[in-house]
Amino acid sequence: MSSPSSPAPSPTRRHPKRHPLRRLTAALAIGTLAAGVATAGLGAQVATAPPAAAATCSSDFTDVPRTSAKYGPVTWLSCQGITQGYADGSFGVGKAITRGEIAAFLYRQVTPNHPKNGATYFTDVPGTGKYYSNPVTWMAQAGLAKGYADRSFGVHQAITRGEMANFIYRLAGATKKGPPYSPFKDMGWSTPSYHEASWLEAQGIATGYQDGTFRPRQTITRGETAIMLQNAHRYISGRGDVTTSVINPLPSGDGNTGGSTAAWKTKAASWATAKAKSSSSYYQWGGNGPNGYDCSGFIVGAFAAGGKGGLPRRAADQYRAADSYVPLSQVQVGDLVYWSSGGSVYHIAIYVGNGKIAHARNEREGVSITSIDYAPYNMLSVAGRYN
């Protein structure tokens, strides 16, 4: 990619001095890393360099001298074309790496095929135009990253060691659970990222710190990232291709193709929003109101408030009765979205705009407004549209 790996003091990208071939020798990779990996708190087992690595490739970052324990991994990262550092000649070896940067690093390391349709999956990441646009889009499509509850990715937020472990574990396709007795003093079976960190430790990708901790909430530096990615290369190289996205993109707009939303749909969405925000509303199996609703009864009430009568009562029938179906990326105010299991629609909600839906969920959650992607795995890929 021609875009910088991370924000730099100036737009000019810095390229290290290169020999004819771009890869390190296995000797360079192993020798320099093993000498001081404990100071980085990461695994000492180094991924073997590709067989074609017969010549050397050097780097001369101002903050990574050849005597540094991180020189080998950082040089490997540079020679693989994963990053080129900053315009001032530094690599930023001790600087925390952001979630956007690690997305770009992983993307360049595995070079995946995936739908490049310009769709937006997170509120803070445009589908095109940024060095992290394609990488973050790919991570969403592949199910490697789901972002935060507000549908942001946190692109400029420093990534933690636990989050890094999660990304590598998922990309490697690992499924093994951690042992009953933790290899880390600060992590147990129920600790977030425990299974991922334990897998990394078992593969020699990240062994933690000398005091026996993994520190999953601690941010990871660019130098530590170089070590971890080199160690993980044998497990993630060539992986990550996507044919069908795991999660759906955010809606592209809230109006219809004619430039406005039908009045009855606006009324229906407004009624649903008000009911969802009312403290008197609650979930009731078979409920038709005025305060207790189940999911399909809630939709009947919303349509009736908009003056649209005659809607079937059951969720499956409401799905079949739609006049047309559109991709979720094109959902508009008043459209219905569905969840299905075993070929049968079991839950339904109404889209109220701004990436939100209103629905009667269950006894515990009640009638509420959530993100459209609050439960993506059983969600149908289309929305139902009524004229």
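## Exercises: a disulfide and a helix pair

Cys 57 is buried, as its relative accessible area is 2% (buried means under 20%, exposed over 50%, partly exposed in between, with a 1.4 Å probe and protein chains only). This is a predicted model, in which local features need pLDDT of at least 70, side-chain atom pairs count only at pLDDT 80 or more, and totals for chains, interfaces and linings use all residues. Residues are numbered from 1 along each chain as its sequence is written, and side-chain values use heavy atoms, leaving out hydrogens and water.

**Exercise 1.** Find the partner of Cys 57 and describe the link.

*Solution.* Start with the sulfur atoms: a disulfide joins Cys 57 to Cys 79, S to S 1.8 Å (the cut-off is a pair of cysteine sulfur atoms within 2.5 Å). Next, place the two ends: Cys 57 lies in the loop between helix 1 (26-34) and helix 2, and Cys 79 in helix 2, so the bond ties together parts 22 residues apart in sequence. Helices here are DSSP runs of H or I with at least four residues, numbered from the N terminus. Then check the turn: -90 degrees about the S-S bond makes the link of Cys 57 and Cys 79 left-handed. Finally, Cys 79 is buried too, with 0% relative accessible area.

**Exercise 2.** Work out which residues of helix 2 and helix 7 meet.

*Solution.* From helix 2, take Pro 73, Val 74, Trp 76 and Leu 77; they meet Ala 226, Ile 227, Leu 229, Gln 230 and His 233 in helix 7 (contact means heavy atoms within 4.5 Å).
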